[in-house]
Amino acid sequence: MTPPEMHTTIDLSRICKLREKPQPFEPGEPLFWTDPHIATQMLACHLDSTVDKASRQPETIERSTNWIATSVGLRPGDYILDLGCGPGLYAERLAQAGLQVTGVDFSQNSIDYALAQAREKQIPIQYRCQNYLELDDPALYSAVLLIYGDFCALSPEQRAKLLANVRTALKPGGCFILDVTTPRLRQKYGLKNGWYAAKQGFWKPEAHLVLEHGFAYPNDIFLDQYIVIEGDGKISVYRNWFQDYTPETIRAELTAGGFEVESLWGDLTGLPYTPDSEWIGIIARKNT
């Protein structure tokens, strides 16, 4: 006898509501980067050397760390803080250049991997799992790094908090090294609008449906939203916010946060900035 078919009820009214444009920086699922499945997928993206996903490709990371280590006045033995360090791809190279590196990341999964790699390679790096919005390090560091657009994903209130934390962590005259996206990058990729079904994938380990939506806002704010519907009808919404910048807007925000912008670049390999640049690399000094 064939068993009766099981039917799942999907809350279409909720899905329609979620498709409406949210307010800028309205959150989706809280703390979803700590979800065990998503954290595993994220680490795999970090370690995928063939594409620029969670981390850039190894040759770009190598050029960036070489440029940072030699071009912003750092000396062997200086203390460096790498925020959002992930699995330690930048931290390892900077430590091998003679710098004293501390890596901070919100994902215990990435920190565990970074610690294991540091032990295996006998590289002296301090790692800890922490939300960098709760950073309370003293004025110890000659440089603080925030690489690959992390700054862009934060709300205005979070960015102000982060800048205050970075100022506290830096020694007088220390530098804040970060990169941000420009509107050129969004023009290149456009807004998401589609769907796909998967037996398993980045968001969930079991079969699910993903509805992708992109929203544009004034002042170069964008949202990539993913509505994920599981086989039992459960609905989750994941939101990745982006604040794009021009040289004028990033300079103004850093100045208001107590920094003086020393130089702007096309990226953190030392590529010159042009109006067509998709990224801006910034070297900013803590005002004393």
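In the hairpin built from S8 and S9, four residues sit between the strands, and Gly-233 takes a positive phi near 90 degrees. That is a handy place to enter this model, which is a predicted one. The two arms of the hairpin, strand S8 (residues 221–230) and S9, pair in the antiparallel sense over nine bridges. Two of the facing pairs can be picked out by name: Ile-221 stands opposite Gln-243 in S9, and Asp-224 stands opposite Asn-240 in S9. S9 itself is mostly covered, with eight of its nine residues buried.

The hairpin belongs to a four-stranded open sheet, ordered S6-S7-S8-S9, with antiparallel pairing. Its edges are strand S6 (193–198) and strand S9 (235–243), each of which pairs on one side only. From one strand to its neighbour, this sheet turns by 15 degrees on average, direction ignored. S9, then, is an edge strand, yet it is mostly covered.

Stepping back to the whole chain, the secondary structure comes to eight helices and eleven strands. The radius of gyration is 20 Å, close to the 19 Å that the globule rule gives for 288 residues, so the protein is as compact as a globular protein of that length. Along the principal axes, the C-alpha atoms fill a box of roughly 75 × 45 × 35 Å. Of the 288 residues, 50% count as buried. Contacts reach well along the sequence, too: among those with a separation of 6 or more, 64% are between residues 24 or more positions apart.

The other sheet to look at is open as well, with seven strands in the order S3-S2-S1-S4-S5-S11-S10 and mixed pairing. Here the edge strands are strand S3 (126–129) and strand S10 (259–265), and each pairs on one side only. Neighbouring strands of the seven-stranded sheet are turned by 20 degrees against each other on average, again with direction ignored.

Several of the pairings in the seven-stranded sheet can be followed strand by strand. S1 and strand S2 (residues 100–105) run parallel and are joined by five bridges, with Val-104 in S2 as the bridge partner of Leu-83. Strand S1 (residues 79–83) also pairs with S4, in the parallel sense and over four bridges; here Leu-81 stands opposite Val-144 in S4. S4 in turn runs parallel to strand S5 (residues 170–181), and five bridges join the two. One facing pair across that S4 and S5 boundary is Leu-146 and Leu-178, the latter in S5. To get from S4 to S5, the chain passes through helix H6 (residues 156–169), and this β-α-β crossover is right-handed. Strand S4 (residues 141–146) is mostly covered: six of its six residues are buried.

On the S3 side of the sheet, helix H5 (residues 108–121) lies across S2 and S3 and runs at about 165 degrees to S3. Another helix, H4 (residues 89–96), holds Glu-92. Is this glutamate buried or exposed? Glu-92 counts as buried because its relative accessibility is 9%, below the 20% cut-off. Leaving aside residues up to four places away in sequence, Glu-92 touches Gln-117, Ala-118, Lys-121, Ile-123, Ile-125 and Tyr-127. Three of these partners, Gln-117, Ala-118 and Lys-121, fall within the residue range of H5, while Tyr-127 falls within that of the edge strand S3.

As for cysteines, how many disulfides does a search of the whole structure find? The count is zero. Cys-152 is in no disulfide, and the nearest cysteine sulfur, which belongs to Cys-175, is 19 Å away. A disulfide would need the two sulfur atoms within 2.5 Å, so that pair does not qualify. Cys-152 is also buried, as its relative accessible area is 1%.

Terms used. Residues numbered from 1 in each chain as written. Predicted model: local features only at pLDDT ≥ 70, side-chain atom pairs only at ≥ 80, totals over all residues. Heavy atoms only, no water. Buried < 20%, exposed > 50% of the residue type's maximum accessible area, 1.4 Å probe, protein only. Pairing = 2+ DSSP bridges. Right-handed = clockwise from strand over helix to strand, strands pointing away. Axes fitted to C-alpha atoms, helices over the stretch in contact; angles between N-to-C directions. Contact = heavy atoms within 4.5 Å. Rg over C-alpha atoms; globule rule 2.2 N^0.38 Å.
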